[in-house]
Amino acid sequence: MSQSHKVIIIGSGPSGYTAALYATRAELAPLVLAGEKSGGQLMNTTLVENWPGEVEGVQGPELMINMRAQAEKFGAQILDTFVTAVDFSSRPFKVWTGFPENAVVSELTGNPDEIRALISQVKLMEPTYEAETVIISTGAYAKMLDVPGEKQFFGRGVATCAVCDAPFYRSKKVFVVGGGDAAVEDTLALTRFADEVTMLVRKDHLRASKIMARRAQEHPKVKILWNTEIAEVTGDKVVQQIRVTNNQTGESQQFQADGVFYAIGHNPMSQIFAGEVELDEQGYVVTRLGYSQKGLELAQQHTVAGLVQYPTMTSKEGVFAAGDIVDFRYRQAVTAAAMGCQAALDVERFLHTSE
Ligand code: NDP
(Lines give C-alpha, C1' and ligand atoms only; values in the text may rest on other atoms or scores of the structure.)
Protein backbone atom coordinates (compact mmCIF):
# COMPACT_ATOMS: atom_id res chain seq x y z
CA MET A 1 0.00 0.00 0.00
CA SER A 2 1.34 3.43 -0.95
CA GLN A 3 1.63 6.06 1.78
CA SER A 4 -0.82 8.91 1.24
CA HIS A 5 -0.09 12.63 1.76
CA LYS A 6 -1.88 15.93 1.34
CA VAL A 7 1.17 17.43 -0.33
CA ILE A 8 4.42 15.99 -1.62
CA ILE A 9 7.24 18.39 -2.44
CA ILE A 10 9.77 17.05 -4.92
CA GLY A 11 13.16 18.76 -4.60
CA SER A 12 15.02 20.54 -1.85
CA GLY A 13 16.53 23.85 -2.93
CA PRO A 14 15.34 27.18 -1.50
CA SER A 15 11.94 26.75 -3.21
CA GLY A 16 11.33 23.22 -1.90
CA TYR A 17 12.37 23.97 1.67
CA THR A 18 10.41 27.23 1.77
CA ALA A 19 7.33 25.46 0.40
CA ALA A 20 7.83 22.85 3.14
CA LEU A 21 8.12 25.52 5.82
CA TYR A 22 4.87 27.20 4.75
CA ALA A 23 3.06 23.89 4.23
CA THR A 24 3.96 22.63 7.73
CA ARG A 25 2.75 25.88 9.27
CA ALA A 26 -0.51 25.40 7.35
CA GLU A 27 -0.70 21.94 9.01
CA LEU A 28 -0.51 20.09 5.71
CA ALA A 29 2.18 17.69 7.01
CA PRO A 30 4.22 17.81 3.78
CA LEU A 31 6.54 15.05 2.69
CA VAL A 32 9.68 16.38 1.00
CA LEU A 33 11.47 13.99 -1.34
CA ALA A 34 14.76 15.81 -1.31
CA GLY A 35 16.85 13.88 -3.83
CA GLU A 36 19.95 11.94 -2.86
CA LYS A 37 22.09 15.09 -2.69
CA SER A 38 19.69 17.43 -0.93
CA GLY A 39 19.99 21.22 -0.85
CA GLY A 40 20.26 22.06 -4.55
CA GLN A 41 22.70 24.38 -6.28
CA LEU A 42 23.60 26.36 -3.17
CA MET A 43 25.34 23.28 -1.75
CA ASN A 44 28.04 23.92 -4.38
CA THR A 45 28.63 27.56 -3.56
CA THR A 46 30.68 29.33 -0.93
CA LEU A 47 29.73 32.77 0.40
CA VAL A 48 26.23 34.02 -0.45
CA GLU A 49 26.16 37.77 0.08
CA ASN A 50 22.73 38.58 -1.29
CA TRP A 51 20.53 36.62 1.09
CA PRO A 52 18.47 39.33 2.84
CA GLY A 53 19.22 39.74 6.52
CA GLU A 54 22.64 38.05 6.43
CA VAL A 55 24.75 41.19 6.73
CA GLU A 56 28.11 39.38 6.59
CA GLY A 57 26.89 36.82 4.06
CA VAL A 58 26.28 33.14 4.67
CA GLN A 59 27.90 29.99 3.29
CA GLY A 60 25.57 28.37 0.73
CA PRO A 61 25.60 24.89 2.39
CA GLU A 62 24.97 26.44 5.82
CA LEU A 63 21.99 28.36 4.46
CA MET A 64 20.48 25.19 3.03
CA ILE A 65 21.11 23.13 6.18
CA ASN A 66 19.37 25.85 8.18
CA MET A 67 16.42 26.02 5.78
CA ARG A 68 16.00 22.28 6.12
CA ALA A 69 16.25 22.40 9.92
CA GLN A 70 13.66 25.17 10.05
CA ALA A 71 11.17 23.17 7.95
CA GLU A 72 11.83 20.05 10.08
CA LYS A 73 11.39 22.05 13.28
CA PHE A 74 7.77 22.68 12.29
CA GLY A 75 7.23 19.03 11.37
CA ALA A 76 8.10 18.59 7.69
CA GLN A 77 9.17 15.04 6.88
CA ILE A 78 12.22 15.20 4.63
CA LEU A 79 13.65 12.08 2.97
CA ASP A 80 16.91 12.05 1.02
CA THR A 81 15.50 10.01 -1.77
CA PHE A 82 15.26 10.42 -5.51
CA VAL A 83 11.91 10.43 -7.32
CA THR A 84 12.11 8.18 -10.36
CA ALA A 85 8.59 8.53 -11.81
CA VAL A 86 5.26 10.29 -11.34
CA ASP A 87 1.74 9.73 -12.65
CA PHE A 88 -0.42 12.84 -12.56
CA SER A 89 -3.20 11.45 -14.76
CA SER A 90 -5.70 11.35 -11.87
CA ARG A 91 -5.88 12.28 -8.19
CA PRO A 92 -4.48 11.04 -5.88
CA PHE A 93 -1.24 11.51 -7.81
CA LYS A 94 1.30 8.68 -7.77
CA VAL A 95 4.98 9.06 -7.00
CA TRP A 96 7.69 6.42 -7.25
CA THR A 97 11.11 6.35 -5.68
CA GLY A 98 13.76 3.72 -6.45
CA PHE A 99 14.27 1.47 -9.44
CA PRO A 100 13.18 -2.08 -10.29
CA GLU A 101 15.71 -4.70 -9.17
CA ASN A 102 16.68 -5.62 -12.74
CA ALA A 103 17.25 -1.99 -13.90
CA VAL A 104 20.84 -1.15 -14.92
CA VAL A 105 20.88 2.53 -14.02
CA SER A 106 24.67 2.90 -14.13
CA GLU A 107 24.66 2.34 -17.90
CA LEU A 108 22.24 5.20 -18.69
CA THR A 109 23.74 7.69 -21.13
CA GLY A 110 21.17 10.46 -20.66
CA ASN A 111 19.46 9.51 -23.93
CA PRO A 112 15.75 10.55 -23.61
CA ASP A 113 14.53 7.19 -25.06
CA GLU A 114 16.51 5.26 -22.44
CA ILE A 115 15.13 7.48 -19.68
CA ARG A 116 11.56 7.02 -20.97
CA ALA A 117 12.04 3.24 -21.06
CA LEU A 118 13.34 3.23 -17.50
CA ILE A 119 10.43 5.37 -16.27
CA SER A 120 7.97 2.92 -17.88
CA GLN A 121 9.71 0.08 -16.06
CA VAL A 122 9.49 1.97 -12.74
CA LYS A 123 5.75 2.51 -13.27
CA LEU A 124 5.17 -1.26 -13.38
CA MET A 125 6.00 -1.29 -9.66
CA GLU A 126 3.59 -0.32 -6.88
CA PRO A 127 3.77 3.49 -6.39
CA THR A 128 5.72 4.48 -3.28
CA TYR A 129 3.50 7.44 -2.36
CA GLU A 130 0.19 9.01 -3.22
CA ALA A 131 -0.61 12.69 -2.86
CA GLU A 132 -3.55 15.04 -3.16
CA THR A 133 -1.22 17.75 -4.44
CA VAL A 134 2.40 17.94 -5.58
CA ILE A 135 4.86 20.84 -5.68
CA ILE A 136 7.63 20.34 -8.23
CA SER A 137 10.80 22.14 -7.17
CA THR A 138 13.56 20.08 -8.75
CA GLY A 139 15.53 23.09 -10.02
CA ALA A 140 17.95 23.43 -12.89
CA TYR A 141 21.69 23.23 -13.17
CA ALA A 142 24.03 25.47 -15.11
CA LYS A 143 25.53 23.88 -18.21
CA MET A 144 29.29 23.47 -18.13
CA LEU A 145 31.75 22.46 -20.82
CA ASP A 146 34.01 19.94 -19.14
CA VAL A 147 37.23 21.65 -20.27
CA PRO A 148 40.38 20.89 -18.23
CA GLY A 149 40.54 22.86 -14.97
CA GLU A 150 36.86 23.82 -14.94
CA LYS A 151 35.81 21.40 -12.18
CA GLN A 152 39.02 21.91 -10.20
CA PHE A 153 38.50 25.69 -10.02
CA PHE A 154 34.72 25.70 -9.62
CA GLY A 155 33.98 28.13 -6.79
CA ARG A 156 37.59 29.39 -6.96
CA GLY A 157 37.32 31.62 -9.99
CA VAL A 158 35.02 29.49 -12.14
CA ALA A 159 31.42 30.50 -11.46
CA THR A 160 27.92 30.39 -12.91
CA CYS A 161 26.15 33.29 -11.17
CA ALA A 162 27.60 36.73 -11.89
CA VAL A 163 24.79 38.50 -10.05
CA CYS A 164 25.91 36.61 -6.92
CA ASP A 165 29.68 36.80 -7.32
CA ALA A 166 30.43 39.99 -9.27
CA PRO A 167 31.41 42.04 -6.17
CA PHE A 168 34.29 39.58 -5.50
CA TYR A 169 35.90 40.73 -8.76
CA ARG A 170 36.52 44.39 -8.04
CA SER A 171 39.38 45.70 -10.25
CA LYS A 172 39.89 42.21 -11.73
CA LYS A 173 40.04 40.77 -15.21
CA VAL A 174 37.23 38.34 -15.96
CA PHE A 175 35.81 36.33 -18.85
CA VAL A 176 32.23 35.36 -19.65
CA VAL A 177 31.51 32.28 -21.80
CA GLY A 178 28.34 32.58 -23.92
CA GLY A 179 26.54 35.03 -26.18
CA GLY A 180 22.90 34.94 -25.05
CA ASP A 181 20.92 37.36 -22.89
CA ALA A 182 22.20 35.77 -19.71
CA ALA A 183 25.83 36.17 -20.85
CA VAL A 184 25.26 39.85 -21.64
CA GLU A 185 23.46 40.38 -18.35
CA ASP A 186 26.35 38.73 -16.50
CA THR A 187 28.86 40.79 -18.47
CA LEU A 188 27.11 44.04 -17.59
CA ALA A 189 26.80 43.01 -13.92
CA LEU A 190 30.54 42.34 -13.87
CA THR A 191 31.45 45.70 -15.45
CA ARG A 192 30.29 47.43 -12.28
CA PHE A 193 33.21 45.85 -10.41
CA ALA A 194 35.80 44.34 -12.74
CA ASP A 195 38.29 46.42 -14.76
CA GLU A 196 37.91 44.33 -17.90
CA VAL A 197 35.26 41.85 -18.99
CA THR A 198 35.83 39.72 -22.09
CA MET A 199 33.02 37.74 -23.65
CA LEU A 200 34.01 34.47 -25.33
CA VAL A 201 31.45 33.90 -28.09
CA ARG A 202 31.60 30.76 -30.18
CA LYS A 203 29.88 32.34 -33.21
CA ASP A 204 30.55 35.63 -35.05
CA HIS A 205 27.46 37.25 -33.54
CA LEU A 206 25.59 37.41 -30.26
CA ARG A 207 22.41 35.42 -29.76
CA ALA A 208 21.22 38.01 -27.22
CA SER A 209 18.40 40.41 -28.07
CA LYS A 210 19.53 43.44 -30.11
CA ILE A 211 19.19 45.93 -27.30
CA MET A 212 21.18 43.74 -24.90
CA ALA A 213 23.82 43.00 -27.54
CA ARG A 214 24.27 46.72 -28.22
CA ARG A 215 24.75 47.45 -24.51
CA ALA A 216 27.59 44.93 -24.33
CA GLN A 217 29.19 45.99 -27.60
CA GLU A 218 29.15 49.68 -26.69
CA HIS A 219 30.42 49.27 -23.11
CA PRO A 220 33.97 50.63 -22.70
CA LYS A 221 35.00 47.84 -20.31
CA VAL A 222 33.73 45.01 -22.53
CA LYS A 223 35.75 43.17 -25.16
CA ILE A 224 34.30 40.42 -27.32
CA LEU A 225 36.33 37.60 -28.81
CA TRP A 226 34.31 36.11 -31.69
CA ASN A 227 34.49 32.49 -32.85
CA THR A 228 36.27 31.78 -29.62
CA GLU A 229 35.93 28.83 -27.24
CA ILE A 230 37.48 28.24 -23.88
CA ALA A 231 39.98 25.37 -23.95
CA GLU A 232 41.56 25.26 -20.47
CA VAL A 233 41.49 26.93 -17.06
CA THR A 234 44.71 26.97 -15.07
CA GLY A 235 46.00 28.44 -11.83
CA ASP A 236 47.37 27.60 -8.44
CA LYS A 237 44.78 27.80 -5.64
CA VAL A 238 42.51 30.02 -7.73
CA VAL A 239 42.11 30.72 -11.44
CA GLN A 240 45.10 32.57 -12.93
CA GLN A 241 44.98 31.95 -16.67
CA ILE A 242 42.73 30.63 -19.38
CA ARG A 243 43.54 29.28 -22.79
CA VAL A 244 41.11 29.90 -25.64
CA THR A 245 40.91 28.64 -29.22
CA ASN A 246 39.61 30.37 -32.33
CA ASN A 247 37.31 27.79 -33.93
CA GLN A 248 37.90 29.27 -37.44
CA THR A 249 41.68 29.52 -37.47
CA GLY A 250 42.55 26.94 -34.79
CA GLU A 251 44.82 29.56 -33.20
CA SER A 252 45.28 29.27 -29.42
CA GLN A 253 45.83 32.18 -27.00
CA GLN A 254 46.58 32.36 -23.28
CA PHE A 255 45.23 35.18 -21.08
CA GLN A 256 45.76 36.20 -17.48
CA ALA A 257 42.34 35.77 -15.81
CA ASP A 258 40.91 36.18 -12.31
CA GLY A 259 37.52 34.69 -13.06
CA VAL A 260 35.51 32.81 -15.68
CA PHE A 261 31.73 32.95 -15.69
CA TYR A 262 29.75 30.34 -17.60
CA ALA A 263 26.50 31.62 -19.10
CA ILE A 264 25.69 28.99 -21.71
CA GLY A 265 22.25 28.06 -20.47
CA HIS A 266 20.71 25.79 -17.86
CA ASN A 267 19.25 22.29 -17.85
CA PRO A 268 15.94 22.08 -16.01
CA MET A 269 15.51 18.82 -14.06
CA SER A 270 12.20 17.95 -15.64
CA GLN A 271 12.71 14.61 -17.43
CA ILE A 272 10.33 12.68 -15.17
CA PHE A 273 7.58 15.27 -15.67
CA ALA A 274 7.52 15.11 -19.48
CA GLY A 275 4.01 14.11 -20.58
CA GLU A 276 2.64 14.74 -17.07
CA VAL A 277 2.61 18.56 -17.07
CA GLU A 278 3.24 21.03 -19.87
CA LEU A 279 6.90 21.91 -20.42
CA ASP A 280 8.24 24.72 -22.61
CA GLU A 281 10.66 24.17 -25.51
CA GLN A 282 13.64 24.22 -23.14
CA GLY A 283 12.04 21.75 -20.70
CA TYR A 284 11.02 24.28 -18.02
CA VAL A 285 7.72 23.57 -16.26
CA VAL A 286 5.02 26.01 -17.37
CA THR A 287 2.91 27.62 -14.64
CA ARG A 288 0.31 30.36 -14.71
CA LEU A 289 2.95 32.80 -13.47
CA GLY A 290 3.49 33.48 -17.14
CA TYR A 291 7.27 33.36 -17.50
CA SER A 292 6.84 32.41 -21.15
CA GLN A 293 4.20 32.65 -23.88
CA LYS A 294 2.88 29.23 -22.82
CA GLY A 295 2.64 30.45 -19.23
CA LEU A 296 0.72 33.55 -20.32
CA GLU A 297 -1.69 31.39 -22.31
CA LEU A 298 -2.20 29.10 -19.31
CA ALA A 299 -2.81 32.11 -17.06
CA GLN A 300 -5.41 33.51 -19.47
CA GLN A 301 -7.31 30.22 -19.39
CA HIS A 302 -7.55 30.36 -15.60
CA THR A 303 -8.49 33.93 -14.91
CA VAL A 304 -11.49 34.64 -12.71
CA ALA A 305 -12.73 38.23 -12.37
CA GLY A 306 -9.46 39.52 -13.79
CA LEU A 307 -7.28 37.53 -11.36
CA VAL A 308 -5.20 34.48 -12.22
CA GLN A 309 -6.27 31.57 -10.02
CA TYR A 310 -3.43 29.66 -8.33
CA PRO A 311 -0.55 31.33 -10.22
CA THR A 312 1.92 28.57 -9.32
CA MET A 313 -0.30 25.79 -10.68
CA THR A 314 0.94 23.87 -13.73
CA SER A 315 -1.20 22.66 -16.63
CA LYS A 316 -2.38 19.85 -14.32
CA GLU A 317 -4.96 20.76 -11.69
CA GLY A 318 -3.41 20.06 -8.26
CA VAL A 319 0.22 20.04 -9.43
CA PHE A 320 2.22 23.16 -8.64
CA ALA A 321 5.80 24.20 -9.41
CA ALA A 322 8.29 26.66 -7.96
CA GLY A 323 11.87 27.82 -8.27
CA ASP A 324 14.41 27.31 -11.05
CA ILE A 325 12.38 24.51 -12.64
CA VAL A 326 9.98 27.31 -13.69
CA ASP A 327 12.15 30.40 -13.64
CA PHE A 328 14.77 30.72 -16.37
CA ARG A 329 15.04 34.48 -15.88
CA TYR A 330 15.87 35.45 -12.30
CA ARG A 331 17.32 32.18 -10.90
CA GLN A 332 18.10 33.64 -7.49
CA ALA A 333 17.82 31.87 -4.14
CA VAL A 334 15.52 34.58 -2.89
CA THR A 335 13.20 34.42 -5.92
CA ALA A 336 13.09 30.62 -5.70
CA ALA A 337 12.27 30.78 -1.99
CA ALA A 338 9.55 33.34 -2.66
CA MET A 339 7.99 31.11 -5.31
CA GLY A 340 8.11 28.14 -2.91
CA CYS A 341 6.11 30.22 -0.45
CA GLN A 342 3.61 31.15 -3.16
CA ALA A 343 3.20 27.48 -4.17
CA ALA A 344 2.54 26.37 -0.59
CA LEU A 345 -0.05 29.12 -0.13
CA ASP A 346 -1.69 28.14 -3.44
CA VAL A 347 -1.77 24.48 -2.33
CA GLU A 348 -3.36 25.44 0.97
CA ARG A 349 -6.10 27.45 -0.79
CA PHE A 350 -6.61 24.77 -3.43
CA LEU A 351 -7.05 21.99 -0.86
CA HIS A 352 -9.32 24.15 1.25
CA THR A 353 -11.52 24.98 -1.77
CA SER A 354 -11.63 21.44 -3.15
CA GLU A 355 -12.41 19.79 0.21
P1 NDP B 1 20.58 31.01 -24.49
O2 NDP B 1 20.29 29.62 -24.91
O3 NDP B 1 19.74 32.11 -25.00
O4 NDP B 1 22.10 31.36 -24.88
C5 NDP B 1 23.12 30.48 -24.61
C6 NDP B 1 24.40 31.05 -25.15
O7 NDP B 1 25.46 30.18 -24.79
C8 NDP B 1 24.41 31.19 -26.66
O9 NDP B 1 25.17 32.30 -27.03
C10 NDP B 1 25.12 29.90 -27.09
O11 NDP B 1 25.82 30.04 -28.29
C12 NDP B 1 26.13 29.75 -25.97
N13 NDP B 1 26.54 28.36 -25.82
C14 NDP B 1 25.75 27.28 -25.66
N15 NDP B 1 26.50 26.18 -25.58
C16 NDP B 1 27.78 26.58 -25.72
C17 NDP B 1 29.01 25.90 -25.76
N18 NDP B 1 29.06 24.58 -25.64
N19 NDP B 1 30.14 26.64 -25.90
C20 NDP B 1 30.08 27.98 -26.02
N21 NDP B 1 28.95 28.69 -26.01
C22 NDP B 1 27.81 27.98 -25.86
O23 NDP B 1 20.59 30.95 -22.88
P24 NDP B 1 20.50 32.14 -21.82
O25 NDP B 1 20.77 31.47 -20.51
O26 NDP B 1 21.31 33.27 -22.23
O27 NDP B 1 18.96 32.58 -21.85
C28 NDP B 1 17.91 31.62 -21.60
C29 NDP B 1 16.56 32.32 -21.85
O30 NDP B 1 16.34 33.33 -20.85
C31 NDP B 1 16.52 33.04 -23.20
O32 NDP B 1 15.22 32.93 -23.71
C33 NDP B 1 16.82 34.47 -22.84
O34 NDP B 1 16.30 35.40 -23.78
C35 NDP B 1 16.16 34.60 -21.47
N36 NDP B 1 16.85 35.64 -20.66
C37 NDP B 1 16.42 36.92 -20.75
C38 NDP B 1 17.03 37.91 -20.03
C39 NDP B 1 16.54 39.30 -20.17
O40 NDP B 1 15.65 39.54 -20.98
N41 NDP B 1 17.05 40.23 -19.41
C42 NDP B 1 18.16 37.64 -19.14
C43 NDP B 1 18.57 36.25 -19.13
C44 NDP B 1 17.94 35.30 -19.88
P45 NDP B 1 25.08 29.97 -29.72
O46 NDP B 1 24.42 31.30 -29.92
O47 NDP B 1 26.22 29.72 -30.62
O48 NDP B 1 24.12 28.83 -29.64
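How many helices and strands does the protein chain have? In this predicted model, the chain contains eight helices and 21 strands. The radius of gyration of the chain is 22 Å, close to the 20 Å given by the globule rule for 355 residues, so the chain is as compact as a globular protein of that length. Taken along the principal axes, the box filled by the C-alpha atoms is roughly 65 × 50 × 40 Å.

The overall packing was examined next. Of the 355 residues, 48% count as buried. Among the contacts with a separation of 6 or more, 64% are made by residues 24 or more positions apart in the chain. The area exposed by the protein chain is about 17800 Å², and 49% of this area is supplied by carbon and sulfur atoms. With regard to charge, the chain carries 32 positive and 42 negative charges, and the mean positions of these two groups are 5 Å apart.

Strand S8, which comprises residues 129–136, illustrates how strands are joined in this model. Six of the eight residues of S8 are buried, and the strand is accordingly described as mostly covered. Strand S1 (residues 3–10) runs parallel to S8 and is joined to it by seven bridges. Within this pairing, Ile8 stands opposite Val134 of S8. A parallel arrangement is also found between S8 and strand S21 (residues 319–321), which are joined by three bridges. Here Val134 has Val319 of S21 as its bridge partner. Val134 is thus placed opposite Ile8 and is also bridged to Val319 in S21. Strand S7 (residues 93–97), by contrast, pairs with S8 in the antiparallel sense, over three bridges. In that pairing, Val95 stands opposite Tyr129 of S8. In general, the side chains of a regular strand alternate between the two faces of the sheet.

A single loop residue was also considered. Thr287 is located in the loop that connects strand S18 (266–268) with helix H7 (293–301). Is Thr287 buried or exposed? The relative accessible area of Thr287 is 1%, and the residue is therefore classed as buried, since the cut-off for this class is under 20%. Residues up to four places away in sequence being left aside, Thr287 touches Gly295, Leu298, Pro311, Thr312, Met313, Thr314, Ala321 and Val326. One of these contacts, Gly295, belongs to the range of helix H7 (293–301), and another, Ala321, belongs to the range of strand S21 (residues 319–321).

How values were computed: Residues numbered from 1 in each chain as written. Predicted model: local features only at pLDDT ≥ 70, side-chain atom pairs only at ≥ 80, totals over all residues. Heavy atoms only, no water. Helix = DSSP H or I, 4+ residues; strand = E, 2+ residues; numbered from the N terminus. Rg over C-alpha atoms; globule rule 2.2 N^0.38 Å. Buried < 20%, exposed > 50% of the residue type's maximum accessible area, 1.4 Å probe, protein only. Contact = heavy atoms within 4.5 Å. Areas by Shrake-Rupley, 256 points an atom, 1.4 Å probe, with all protein chains shown as cover. Lys, Arg positive; Asp, Glu negative; His and termini not counted. Charge placed at Lys NZ, Arg CZ, Asp CG, Glu CD. Pairing = 2+ DSSP bridges.
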